[in-house]
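I sat down with this one to go through its helices, buried spots and charged pairs. My notes are below, in the order I looked things up.

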Amino acid sequence: MFPEHFTFHVAEQVNNFVDWLLDSYAPVFDAISTGILTMLLRINEILLMVPWWLYMIIVFVVLFTTTKKLIASLTLAILPLLIGAFGLWALAMESLAVVLTAVIISLLIGIPMGILMAEINSFAVVIRPILDGMQTMPSFVYLIPAMMLFGLGKVPAVLATLIYSLPPVIRLTNMGLRHVPKNIEEAALAYGATKWQLLKEVRIPLAMPSILTGVNQTTMMALAMVVVASMIGARGLGQEVLLSINRIDIGRGFEAGLSVVVMAIVIDRVTQSIAKKWEPPR
């Protein structure tokens, strides 16, 4: 038994801090919630407006253009038919809207932070342990701060997904910029390039394969949160999985789980093929 006189709790202090935040900055959280919800609903509307067959054409065109593999491109383009055949197309679009919203915000935050890490060593020293903590934290833990500040619904689901999926794009942007060959940078500076021109015209284009790999990893981690985020109101395919678990409906859970897998495979291959397109020729 652990000695009782050594125990202490911080629950009350945390609750008081959250109450203070909500009392002091309620308008800020309301504005963030409104902005994210507006963005999410708009993305969801656009996804539902696009016919199912057009998604298949887009996937095929992107994959065939980047890989030149006809059979593989055709197979991956046909895979989403399974989702529609299971009657889960609308729910899949809901999940995809949450993922896309979280990924877009992650990229808007993560890529600039990765650039700052590559440019400022002291900033990298501070951010690196934070990223380590974010990547080692169990995914369920991210639901707690999102729920505390935004309650239940799609907005906290997006924020929990955002926090979970943010580190890869920051790390890989930083790594890509740091691995740009020094002789190329020196040549650009010798020709009179400024620091800004060096970053924009040389370093970022050469680091693009690594940055796009970060986009791929961020998207995959966001998809991994589909089921977890449904616990606080994300709905979509994750909700189907949870309902099937609660009702011990194995068949329904299999269909929903397989639909998530299909989404993940297609998005992974598409983003990987785009990233490989940016790789410099050997």
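These entries cover the record's annotations, two residues of one helix, a bent helix and some salt bridges. I keep in mind throughout that the model is predicted.

**Entry: what the record says**

I began with UniProt, where an unreviewed entry lists residues 92-271 as "domain: ABC transmembrane type-1". In the model I find that span to be 85% helix and 0% strand, with its end C-alpha atoms 18 Å apart. The unreviewed entry also gives "transmembrane region" for residues 46-64, 71-91, 97-118 and 139-166. I checked two of those listed spans. Residues 71-91 come out as 76% helix and 0% strand, and the end C-alpha atoms lie 28 Å apart. For residues 139-166 I get 75% helix and 0% strand, with the end C-alpha atoms 12 Å apart.

**Entry: Thr173 and Pro168 in H8**

Next I went to helix H8, residues 154-178, where Thr173 sits. Is Thr173 buried or exposed? I have it at 0% relative accessibility, so it counts as buried. I then looked at what its side chain does: a polar atom there lies 2.6 Å from the backbone oxygen of Val169. That fits a rule I keep in mind for α-helices: with 3.6 residues a turn, residues three or four places apart point the same way. Beyond its neighbours within four places in sequence, Thr173 is in contact with Ile111, Gly114, Ile115 and Ile211.

Pro168 is in helix H8 too. I count Pro168 as buried because its relative accessibility is 6%. Which residues does Pro168 touch, not counting those up to four places away in sequence? I noted Gln135, Gly214, Gln217, Thr218 and Met221. I also took one long-range distance: the C-alpha atoms of Pro168 and Leu37 are separated by 24 Å, with the two positions 131 residues apart along the chain.

**Entry: the bend in H10**

Helix H10 runs over residues 195-224, and its length caught my eye. With 30 residues, a straight helix would reach 44 Å at 1.5 Å a residue, but I find the end C-alpha atoms only 38 Å apart. Where does H10 bend? I place the bend at Met208, at about 55 degrees, and note that a proline, Pro209, follows within four residues.

**Entry: salt bridges**

I count eight salt bridges in the model. One of them pairs the side chains of Arg203 and Glu119, at 2.2 Å from N to O. Arg203 lies in helix H10 and Glu119 in helix H5 (residues 89-119), so this pair ties together parts 84 residues apart in sequence. Arg203 counts as buried at 8% relative accessibility, whereas Glu119 is partly exposed, with a relative accessible area of 39%.

Arg203 also forms a salt bridge with Glu185, and I have their closest N and O atoms 3.4 Å apart. Glu185 is in helix H9 (residues 182-190), so to speak across from Arg203 in helix H10, and the two are 18 residues apart. Both Glu185 and Arg203 are buried.

My last pair is Glu240 and Arg252, with the closest N and O atoms 2.8 Å apart. Glu240 belongs to helix H12 (residues 236-246) and Arg252 to helix H13 (residues 250-277), so the bridge ties together parts 12 residues apart in sequence. I count Glu240 as buried at 12% relative accessibility, and Arg252 as partly exposed at 23%. Finally, I noted that salt bridges with shared partners join Glu94, Lys154 and Arg235 into one network.

How values were computed: Residues are numbered from 1 along each chain as its sequence is written. This is a predicted model: local features need pLDDT of at least 70, side-chain atom pairs count only at pLDDT 80 or more; totals for chains, interfaces and linings use all residues. Side-chain values use heavy atoms; hydrogens and water are left out. Buried means under 20% relative accessible area, exposed over 50%, partly exposed in between (1.4 Å probe, protein chains only). A polar contact is a pair of N or O atoms within 3.5 Å; within protein, one must be able to donate a hydrogen and the other to accept it, and residues adjacent in sequence count only if both atoms are side-chain atoms. Contact means heavy atoms within 4.5 Å. The expected span of a helix is 1.5 Å times one less than its number of residues. The bend at a residue is the angle between axes fitted to the seven residues ending there and the seven starting there. UniProt positions are given in the numbering used here, feature names are shortened, and annotations may be inferred rather than shown by experiment. A salt bridge is a side-chain nitrogen of Lys or Arg within 4 Å of a carboxyl oxygen of Asp or Glu.
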